[in-house]
Amino acid sequence: MRSQGRFSYRDSSSLKYQTSPPPSRAQSPSSIGSTTGSLSYHTGSPLPTPITHRHDCMTAAAKRYKYLRRLLKFRQMDFEFAAWQMVYLFISPQKVYRNFQYRKQTKAQFARDDPAFVVLLCFWLCVTSAGFAVVLKLSFGSFLRFLVYTVCVDTLAIGIIVATVLWAVTNHYMIKPTCRDQDVEWGYAFDVHLNAYFPPLIILHFFQLFFYHVFISQNWFVSRLFGNLLWVFAIGYYIYITFLGYSALPILHQPRMFLYALPLLMVFLVVSLALGMNLCGILMDFYYYRVL
């Protein structure tokens, strides 16, 4: 009887001071679903879900409203991170899209929710437009028209068209059969375009300005070769970064088809040189006569 008493006392004390409840063998469907959801975030990791992780997904209208509302709140924008992204779009664009995957894990969306990248892009558009105004010797009124064309037409309007076309193509033809209940966000498609657009902007709207009058505009073969190679590098950057953007989405099938256009760039280079075309000169003439 004494041994039984001691045993029951120890057993009750261990239950009293136990730090966590014993695991239950039978779980309800709701508890199983919550456990699976928390583990799927870290692909089986037992670590708890971060506080910033969103289990729900906002509608497209809610995301758009939140994004546009932050456009005028400069103090809430992370310009340092946006500048980091711009630098790494040149040296290691894979790291940029790795951060897009982190955003999907923590905020339940791939698209940016911080407009700092767009604001910095507009800043670079102003700088490069001022450079074109100096090189082309534009008046102040022509410079303003050139800036409006560059921002509203070349960047935003054409960007919306390109993003919409790629968004429709990827959703209709590239979704895996096992992921038909998911789709590519339009905002993410627009972000991919802006990412791919930035290196060509710097190459063709900034870098070439330093060489145009002294070298590229000359009627030499090497001048045409150098200027056309800048175009090939710029278009190649756009294609490669676009490929990285859509290959970061696990729901897409064979995103490498974007890379099929890269060999055509060499054909484009040879044909342009054979026809005596100076692509940089054509761009300058187009910009000059557009704002007259």
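Of the contacts in this protein with a separation of 6 or more, 73% are between residues 24 or more positions apart; contact here means heavy atoms within 4.5 Å. Please note that this is a predicted model, in which local features need pLDDT of at least 70 and side-chain atom pairs count only at pLDDT 80 or more, while totals for chains, interfaces and linings use all residues. Residues are numbered from 1 along each chain as its sequence is written, and side-chain values use heavy atoms, with hydrogens and water left out.

I turn to the elements. The protein has 12 helices and 0 strands. Helices (H or I, at least four residues) and strands (E, at least two) are DSSP runs, numbered from the N terminus. Of the 292 residues, 39% are buried. The term buried denotes under 20% relative accessible area, exposed over 50%, and partly exposed the range in between, with a 1.4 Å probe and protein chains only. The protein exposes about 17700 Å², and carbon and sulfur atoms supply 67% of that area. Accessible areas come from the Shrake-Rupley method with a 1.4 Å probe, and for residues only the protein chains shown count as cover.

Next, the interior. A nonpolar core is a set of buried Ala, Val, Leu, Ile, Met, Phe, Trp, Tyr and Cys residues joined through side-chain atoms within 4.5 Å. The largest such core has 61 residues, and those with the most contacts inside it are Y97, V184, Y188, Y246, L249 and L252. Among the elements that give two or more residues to this core are α4 (79-91), α7 (140-173), α10 (221-247) and α12 (279-290). Helix α8 gives the most, with 12 residues. Which residues does L249 contact, leaving aside neighbours within four places in sequence? The partners of L249 are F110, V184 and Y188. Apart from the largest core lies another, of 5 residues, including I239, L265, L269 and L273.

I now come to the charged pairs. Side chains of opposite charge can pair when their charged atoms come close. A salt bridge is a side-chain nitrogen of Lys or Arg within 4 Å of a carboxyl oxygen of Asp or Glu, and a search of the whole structure finds 2 of them.

One salt bridge joins the side chains of R112 and D191, at 3.5 Å from N to O. R112 lies in the loop between α5 and α6 and D191 in helix α8, so this pair ties together parts that are 79 residues apart in sequence. Both R112 and D191 are buried.

R290 forms a salt bridge with D154, and the closest N and O atoms are 2.9 Å apart. R290 belongs to helix α12 and D154 to helix α7, so the pair ties together parts that are 136 residues apart in sequence. Buried or exposed, how does R290 stand? R290 is buried, with a relative accessible area of 17%, and D154 is also buried, at 14%. Not counting residues up to four places away in sequence, D154 touches Y149, G159, Y197, Y287 and R290.

Finally, the surface. I161, V165, V169 and Y173 form a nonpolar patch, with about 420 Å² of accessible area together. Patches are made of residues with over 30% relative accessible area and no salt bridge; like charges are joined within 9 Å, and nonpolar side chains (Val, Leu, Ile, Met, Phe, Trp, Tyr) within 5 Å. Within this patch, V165 is placed in helix α7 and is partly exposed, with a relative accessible area of 47%.
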